[in-house]
Amino acid sequence: MADVQLSLRAARVEDYLNDKLQTTADLEGLDILLENVQTQQDLLKQQLLEAEKHLAETTKASEAHRSALLQQARTFKSQQADVDRRLLIVTRSETSDDAIGKFDADIKALQHLDIATGYVELLAQVEDLSAEARRNFKSSPQAALQPYLGLQKLAIALKEAQPAAEDAAPHLVDHVEKTAQHLWKQMKDAFASEFEKVLTRMKWPSKDVSLAGSLEQEWTEGVEKLLELQEPELNVQNDHIKPYEEPLVLLPLEVMIKPLDLRFQYHFSGDRPTNKLDKPEYFLSHIMGLINNYNDFFATCLQPLLRTRFRTSNLSMTSIFIDSTSALITALLPMLRRKVFGVIPQVAKQPQLLSHFIHELMSFDISLRDEWGYDGGSGVDGWKGLTWEVLVKKDWFGRWLEVEMTFALSRYQNIIDPSESFEIDYESVEPSATKPTNAAIRVNDLLETITDRYRPLPSFSQKLRFLIDIQIAIFDLFHSRLVALSKAFPHLAPSRNFRRKE
């Protein structure tokens, strides 16, 4: 074996020399060649020493790691035996498997106890906040607001956490919400009662209303307390407000509207002369009158308080909370909505009254939008209007469409029935224009009237129903009549049907 290795080494040396010393001239560089060979040999020896040193270090580290693992294994085995022994003692079991099962049951019981403790602590916190608010709101209403707001935030946080917890504590959330609502009602009633006393001294809502002397400060404090009490609720609705939802009324205005609501009910209920089914414009104009009469007062006295309260919050972009006029309109709408919803079933039985009622209600909606810039708090989506609530939410659109269709078809029949309907009207257009018949002019007027009826509707689908069910139906009827006349034309006496007007 050694002879073979020597032979291979000799062969490699011979090959190397043959490669480097091929000519006589190569012998002159022999010294350099030997020097290079010596340098390479020294480098290889250095690399070999370093490799041996690294091997020794790695072997030593591996041995140390192996020893540490063995020691950890012995320690773990000892600890496991100690745990098993303790489990057997604690659980009074005979085997480790029985002990583990009992220990798991104890752990679950402890977890349930920990959850129950958390519930009890949370309930105690709710009770403490509620009790603190109750203690303070009569003697110091302002001091009562802070514990109430803390309770309200807790209720909101619990409700928001429910989805992540897979609705784990619905009874707890319900209890906290009901506690917060009950406390809110108590505080609202107390604050509103104090505010009503201030309003009485102000002589609200008479023409002699005054904020002289200390009344201005008392008015301001009353408004601010009610707004602060309501602000969490306003924020919740503001984050999810929809154009079809009824917006919240600011609490100060809710209190101030009460005497106006009583006056409204007095005039527009029972058998009083102002309460007539065929005169919806009476109560609609009454609401417009209230807006005109009290808008200046609210713009002067309430607007600065709203701006101060909400200008740094998310509510600053919602008109019904930051704008006094919009807030006033929002406060007046509930009484009007109640009246409208009460009247509509009665007028729906009489087609003429229903048509007039919807027309007046549309005009009212347009006035609020165009004259007062009311958007219902929906911003670019805009306020859908009371007409939309009646026709869509209360589902009276079908009945109204039926009434309008009956009127339109009846009117159409009255247009084409007279014998002179298809006479040429030479005077209604320029001499060079095509001359229409009397019927064509009047049918066109009818179609324009129908368009005016449904133009204010916010729903495109409802406008389309008017177009298809009424206007196109009239077009079809008129077209059929014209076709029939054209076929009968050769048999008609021109002097009878197309006489020139004298």
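Which residues does Ser 355 touch, not counting residues up to four places away in sequence? In this predicted model, the residues touched by Ser 355 beyond that sequence window are Trp 400, Val 403, Glu 404, Phe 407 and Arg 453. Ser 355 itself belongs to helix α12, which comprises residues 351–370. The relative accessibility of Ser 355 is 4%; because buried status is assigned under 20% relative accessible area, Ser 355 is classed as buried.

A second site was examined in helix α7, which spans residues 251–267 and contains Lys 258. With a relative accessible area of 42%, Lys 258 is partly exposed, as this value falls between the 20% and 50% limits. Lys 258 and Glu 196 are 62 residues apart along the chain, and a distance of 9.8 Å separates their C-alpha atoms.

Helix α7 also packs against helix α11, formed by residues 324–347. The axes of the two helices lie 10 Å apart and make an angle of about 35°, and the crossing of α7 past α11 is right-handed. On the α7 side, the contact is made by Leu 253, Ile 257, Leu 260, Asp 261, Phe 264 and Gln 265. These meet Ala 327, Leu 328, Ala 331, Leu 332, Met 335, Arg 338 and Lys 339 of α11. By residue class, the contact of α7 with α11 consists of nine nonpolar residues, one polar residue and three charged residues.

How values were computed. Residues are numbered from 1 along each chain as its sequence is written. This is a predicted model: local features need pLDDT of at least 70, side-chain atom pairs count only at pLDDT 80 or more; totals for chains, interfaces and linings use all residues. Side-chain values use heavy atoms; hydrogens and water are left out. Helices (H or I, at least four residues) and strands (E, at least two) are DSSP runs, numbered from the N terminus. Buried means under 20% relative accessible area, exposed over 50%, partly exposed in between (1.4 Å probe, protein chains only). Contact means heavy atoms within 4.5 Å. Axes are lines fitted to C-alpha atoms, for helices over the stretch in contact, and angles run from 0 to 180 degrees between N-to-C directions. A crossing is left-handed if the near helix is turned anticlockwise from the far one by less than a right angle, and right-handed if clockwise. Ala, Val, Leu, Ile, Met, Phe, Trp, Tyr, Cys and Pro count as nonpolar, Asp, Glu, Lys and Arg as charged, and the others, Gly among them, as polar.
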